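Let's take a friendly walk through a protein model, from its overall build to its inner spaces and its aromatic rings. Keep the structure open beside you as you read.

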Amino acid sequence: MNSQNTSPLGRRAFLTGATSAAVAAAMVRPGSILAAAPGASGIIPRENAHEGARDWQLTRVRVDTPEDGSMREAIRSSVIEGYCSRQSLKAGETVELMVSTNPPSRYQIEIFRSGYYGGRGARLMTTLGPFPGKRQADPEVGERRLTECRWEPSASLKIPADWPSGVYLGRLTTLPGRDDFPYWQSYVVFIVRDDRPADILFQCSDNTWQAYNRWPGTYSLYDDGTPPMTSKPTVDVSFDRPYGKYRQIYDNPQSVGSGEWLCWEYPLAYWLEQQGYDVTYCSQSDMLTPERGLKCKALISVGHDEYWDERSYHAVTAMRDAGVNVLFLSGNTLCWVSPFSPNAAGMPNRRLRRAAPYGGMSRQPEFRERDLYSTIGPDEGLLLGAVNVIPVNGGADWIVAQPDHWMFEGTGMKRGDRIPGLVGWEYHGQPAKIPGLEVVAEGTAWKGGTVPQHWTATIYPGPKGNFVFNAATIWWAQGMSFPPGHMLPWSHWNRPHGADDRVQRITRNLLQRALGR
């Protein structure tokens, strides 16, 4: 690869008023609320000035153990579990919370907003209940193995006008009323969005959360009723059901009810809010047209962002072409075309299916299920900057290829320097043929832990002085912070180390350029 930085992006000087050492120190200093990033809106700093909650995590979590010899995994918490009527909503709108307790038990719901909050990680917004619990029926398995609950609402919440955009966790806790009987907990999760102009739009990867959700046992997009897990176009999943415990690569009890938010995305949100960035949040169901993103300077894709409705692909392409900067701080991104459809009640965007592979991934020699699909999606590499690889399960160190690029300013990194374990457990491969594209980091990932496979991180210029960055790893956020409630992964004999001042500085450099500072 060309080691010279010759793109228009590389020729522009990085501007900052602070020394690299001072910035690095500020980024890793624990326990303090930092001043807002220069020019940022005051919404996020004001919100994070509120007192954080000491107790917002799940403490007592119990998942069911199958006793019938079936394929069902221990992923659901039937003692108390629930889901929300919407993936996202705005202030003034109402979300319904559906809860089931088995056996019937009194319970309460505490609503927390995720953030920084002086290092505590969340703020208690309100408490609902107590409520008399009841067991709600498991859904029958429908066509295409759909499991879609039709539970009665247990509570409703109208979002107050002063609740800012963010990811909100509802902690469900049984109230046994006696000291000799245990309490149990799980989460529900929803996103509060807004329409205001903002610097950063944080797109949650909730389509992928749902694609891998096996609740109540083996009913993800990868379960067609026969082992092993497959990638066939024969299954639908619904957002109208609880999130079971995350089960793909590690055992994380905090994921019961919260999807993959606390696994892969929350550390980035924690850091952004610690730094005072003007950030707003959305669901993937909010990104089917470009209008929301056109009000922002940068879009961030985070974590495991595998499943995209094709309309979102075209929406983000239009945003890029209009001058919005796009940061893919994610891996296995844009792998499957996954159109939304309405639920049984006609509510839009509540079901998801795997309709086709995106074009770059479909060309991989080891993609053995190509003949199952009658159509192929657009080439993800032409938006992302690199294509997906098949199979893509492994890990690696993140290795610098172009240390003179502006994104490495102040890191002190040299060509060949490594950030241990940051690439994983899914990543991106061959770079796309885009004018001005540069490979800024690359190396060998170890597929399955032992088989070599090439990965590349890329950056290319947009048409209006903007850029698109591809970090090529699900685990970029793991290098940003290590907040309360987060658990570092270990998969395919590889693990990230947690917060790293070089990852933070690279991200800050990217955001400085994206926000015009």
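Before we sort any residues, here is the rule: Ala, Val, Leu, Ile, Met, Phe, Trp, Tyr, Cys and Pro count as nonpolar, Asp, Glu, Lys and Arg as charged, and the others, Gly among them, as polar. By that rule, the lining of the second largest cavity holds five nonpolar, four polar and four charged residues. Keep in mind throughout that you are looking at a predicted model.

**The overall build**

Let's step back and view the whole protein. It has nine helices and 25 strands. Along its principal axes, the C-alpha trace spans about 65 × 55 × 40 Å. How does the radius of gyration fit with a compact globule? A compact globule of 517 residues would have a value near 24 Å, and the protein has 22 Å, which agrees. Of the 517 residues, 63% are buried.

**Spaces inside**

Now look for the closed spaces. The count comes to three cavities of 30 Å³ or more. The largest cavity holds about 160 Å³ of space. It is lined by 19 residues, and Arg-86, Gln-87, Val-189, Phe-239 and Tyr-243 are the closest to its centre. Which elements supply at least two residues each to this lining? They are strand E1 (81-84), strand E8 (185-193) and helix H4 (206-211). E8 gives the most, with five residues.

The second largest cavity holds about 100 Å³ of space. Its lining has 13 residues, with Tyr-212, Asn-213, Gly-244, Lys-245 and Tyr-246 the closest to its centre.

There is also an open space to explore. The largest pocket contains about 490 Å³. It is lined by 19 residues, and those that lie nearest its centre are Tyr-222, Ser-231, Pro-391, Asn-393 and Glu-426.

Here are the three linings, sorted by residue kind:

| Space | Nonpolar residues | Polar residues | Charged residues |
|---|---|---|---|
| Largest pocket | nine residues | five residues | five residues |
| Largest cavity | eleven residues | four residues | four residues |
| Second largest cavity | five residues | four residues | four residues |

**Aromatic rings**

Next, turn to the rings of Phe, Tyr and Trp. The count comes to 30 aromatic pairs. Take Tyr-246 and Tyr-250: their ring centres are 5.9 Å apart and their planes meet at 70 degrees, so the pair is edge-to-face, because planes over 60 degrees apart count that way. Both Tyr-246 and Tyr-250 are buried. You have met Tyr-246 already, among the residues closest to the centre of the second largest cavity.

Trp-271 and Tyr-277 make another pair. Their ring centres lie 5.7 Å apart with planes at 35 degrees, so this pair is tilted. Are these two residues buried or exposed? Both Trp-271 and Tyr-277 are buried.

Some rings also gather in a group: Trp-56, Tyr-116, Phe-202, Trp-261, Tyr-266, Tyr-270 and Tyr-281 form one aromatic cluster.

**Charges over rings**

Finally, find two arginines that sit over tryptophan rings. Arg-354 lies over the face of Trp-336, at 5.1 Å from the ring centre. Arg-513 lies over the face of Trp-406, at 4.1 Å from the ring centre.

Note on methods. Residues numbered from 1 in each chain as written. Predicted model: local features only at pLDDT ≥ 70, side-chain atom pairs only at ≥ 80, totals over all residues. Heavy atoms only, no water. 1 Å grid on protein atoms, 1.4 Å probe; cavity = no way out; pocket = protein on both sides within 12 Å on 5 of 7 lines; lining within 4 Å. Points joined across faces, edges and corners; volume = space filled by probe spheres on them. Phe/Tyr/Trp six-rings, centres within 6.5 Å; stacked < 30°, edge-to-face > 60°. Buried < 20%, exposed > 50% of the residue type's maximum accessible area, 1.4 Å probe, protein only. Lys NZ or Arg CZ within 6 Å of the ring centre and 35° of its normal. Helix = DSSP H or I, 4+ residues; strand = E, 2+ residues; numbered from the N terminus. Rg over C-alpha atoms; globule rule 2.2 N^0.38 Å.
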